[in-house]
Amino acid sequence: MKTPEAGGVDHHLAPELTEVAGVDRRAALRTLLRGTCALAALGCGTDWRDAVVLPGPDPETAPDAGASPAVCGDAGPPGTPGEGWVEVPLSEHPALREPGGHGHVRVPSALLDVVVVHSADGCYRAVWRTCTHGDCAVDWDGALGVVECPCHGSRFGLDGQVVRGPASRPLAAFRTLRVGDSLFLLRPR
């Protein structure tokens, strides 16, 4: 009788532990190991891929042409969803109610994934959540006062501009407007 240590089958194990649906467990593991070695030999995972980042609003063609994307204290009613305005109920993001609060706002139906910071009373800033250097999610670091990427240390201001690389492109920044208990973000289409 072969022992498991010598590569044999342990006859004391239940048959379902050594073979599932006609596939030998060891054979399956060997196949996975060979595939992993093949990927390593090809160099998969050694190059950092550039992030696929949606462009920010173009001031020349946006519905609010010439308006700054990160203006505090915007007044007036927001536009329509067709114009790209997305309503974010503050009841779903209670941290955004108070100055200094921040959070991730994700609205898949509007293709919106941003970091929002309530930077001062009545002042909200929103920047795209995907780093422009490498496909990592950025987050607000209140102690440093920057949006930071945990993968390679890129830092961005609340206006989306690069403060420290390796990122060379800014994050898209979005106009914000608070009306009652909702925050509206302009995500031009």
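Is Cys151 buried, partly exposed or exposed? In this predicted model, Cys151 is partly exposed, its relative accessible area being 36%. The points below take up the cysteines, then the aromatic rings, and finally one backbone torsion.

1. Cys151 is joined to Cys136 by a disulfide, with an S to S distance of 1.8 Å, and the count for the structure comes to one such bond. The torsion about the S-S bond of Cys136 and Cys151 is about -90 degrees, and the disulfide is therefore left-handed.

2. As to its place in the chain, the disulfide links distant parts, 15 residues apart: Cys136 sits in the loop between S6 and strand S7 (139-141), while Cys151 belongs to the loop between strand S8 (146-148) and strand S9 (155-156). The two partners can also be set side by side in terms of accessibility, since Cys136 is buried, at a relative accessible area of 8%, whereas Cys151 has 36% and is partly exposed.

3. Cys131 and Cys149 deserve a separate remark. For the sulfur of Cys131, the closest cysteine sulfur is that of Cys149, at 3.8 Å, which is too far for a bond, given that a disulfide requires the sulfur atoms to lie within 2.5 Å. Taken from the other side, the sulfur of Cys149 has its closest cysteine sulfur in Cys131. Cys131 is buried, with a relative accessibility of 1%, and Cys149 is likewise buried, with 3%.

4. A search of the whole structure for aromatic pairs returns one. This pair is formed by the rings of Trp128 and Phe174, whose centres are 5.9 Å apart and whose planes meet at 45 degrees, so that the pair is classed as tilted; the reason is that stacked planes would have to be under 30 degrees apart and edge-to-face planes over 60.

5. Because Trp128 lies in strand S6 (residues 123-128) and Phe174 in strand S11 (residues 173-174), the aromatic pair ties together parts that are 46 residues apart in sequence. Trp128 is buried, with a relative accessible area of 7%, and Phe174 is buried too, with a value of 2%.

6. A last point concerns the backbone at Leu111, which has a positive phi of about 50 degrees although Leu111 is not a glycine. As background, most residues other than glycine have a negative phi. Leu111 is found in the loop between strand S4 (102-107) and strand S5 (112-120), and its relative accessible area of 57% makes it exposed.

Definitions and conventions. Residues are numbered from 1 along each chain as its sequence is written. This is a predicted model: local features need pLDDT of at least 70, side-chain atom pairs count only at pLDDT 80 or more; totals for chains, interfaces and linings use all residues. Side-chain values use heavy atoms; hydrogens and water are left out. Rings of Phe, Tyr and Trp (its six-membered ring) pair if their centres lie within 6.5 Å; planes under 30 degrees apart count as stacked, over 60 as edge-to-face and the rest as tilted. Helices (H or I, at least four residues) and strands (E, at least two) are DSSP runs, numbered from the N terminus. Buried means under 20% relative accessible area, exposed over 50%, partly exposed in between (1.4 Å probe, protein chains only).
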